[in-house]
Amino acid sequence: MIRDIAIRPFTAEDVDFIIHGQLELYEKEYGFTSDIWKEYIKNGVHELVNQFDNKKDCIYILEHNGVTSGCSAIKHIDEMTAQFRFLFLDSKIRGFGLGYKLLDMSIDFCKENEYKHVFLWTFSTLHAARYLYKNKGFRITETKENNDWGTPILEELWEIEL
């Protein structure tokens, strides 16, 4: 059992954590080092934050012992569709159900806001995340090869109807 966990809405001070947390994690664990990857993450986070509407979007920040240690986000696409993004946890707190908790909170946000369709992009080697998505009811609807991020990967589009 892990203690001293809090999940809160993001603040402007969390933007660097969201960007750098992902860049460090994916470089260390998956070899993503290309400038294209780095720009993809930076641009995605800045786009969400700059267009953030607290009635349609959410970013949850997970803290462990007061230290930012995880994240998930929902970005509205239109009135009926949302994109799940930026799920990650510090390696020291994985395996305790916190990824499920962030995913559940994000999907609950979508239901409360009456989104009918949620999608996400991930890649085939993210086994733990894929397990979460499958158990929540997401299904793979598209795949494509990507050689732009420093390591060749198979990207996957997962979707769910709420």
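A nonpolar core is a set of buried Ala, Val, Leu, Ile, Met, Phe, Trp, Tyr and Cys residues joined through side-chain atoms within 4.5 Å. That term comes back in the view of the core below, and the model in every view is a predicted one.

**View 1. The whole protein is built from 4 helices and 7 strands.** Starting at the N terminus, you can follow the elements in the order β-α-α-β-β-β-α-β-α-β-β. The C-alpha atoms fit a box of roughly 35 × 35 × 35 Å along the principal axes. A compact globule of 162 residues would have a radius of gyration near 15 Å, so the 15 Å found for this protein agrees with that expectation. Contacts between residues 24 or more positions apart make up 63% of those with a separation of 6 or more.

**View 2. An open sheet of 7 strands shows mixed pairing.** Reading across the sheet, the order is β1-β2-β3-β4-β5-β7-β6. The edges belong to β1 (5-9) and β6 (139-146); each has a single partner strand, so one side of each lacks a neighbour in the sheet. On average, neighbouring strands are turned by 20 degrees against each other, direction ignored.

**View 3. Strands β2 and β3 form an antiparallel pair.** Here β2 covers residues 58-64 and β3 covers residues 67-76, with 7 bridges between them. To find your place in the pair, look for L62, which stands opposite G70 in β3. Helix α1 (residues 15-30) packs on the sheet and touches both of these strands, along with β4 (81-89) and β5 (117-123). The direction of α1 makes about 65 degrees with that of β4.

**View 4. Helix α4 lies across β4, β5, β6 and β7.** This helix spans residues 127-136. Its partner β7 covers residues 153-161, and α4 runs at about 25 degrees to that strand.

**View 5. The largest nonpolar core holds 49 residues.** Which of its residues touch the most other members? They are I18, I59, C71, F84, Y133 and F138. Zoom in on C71 and, leaving aside residues up to four places away in sequence, you will find it touching F17, I18, I59, Y60, I61, F86, L87, F88 and L102. In soluble globular proteins, nonpolar side chains tend to be buried together.

**View 6. The surface of the protein exposes about 8,800 Å².** Carbon and sulfur atoms supply 49% of that area. Of the 162 residues, 44% count as buried.

Definitions and conventions:
Residues are numbered from 1 along each chain as its sequence is written. This is a predicted model: local features need pLDDT of at least 70, side-chain atom pairs count only at pLDDT 80 or more; totals for chains, interfaces and linings use all residues. Side-chain values use heavy atoms; hydrogens and water are left out. Two strands pair if DSSP finds at least two bridges between them. Helices (H or I, at least four residues) and strands (E, at least two) are DSSP runs, numbered from the N terminus. Axes are lines fitted to C-alpha atoms, for helices over the stretch in contact, and angles run from 0 to 180 degrees between N-to-C directions. Contact means heavy atoms within 4.5 Å. Buried means under 20% relative accessible area, exposed over 50%, partly exposed in between (1.4 Å probe, protein chains only). The radius of gyration is taken over C-alpha atoms; the globule rule is 2.2 Å times the number of residues to the power 0.38. Accessible areas come from the Shrake-Rupley method with a 1.4 Å probe; for residues, only the protein chains shown count as cover.
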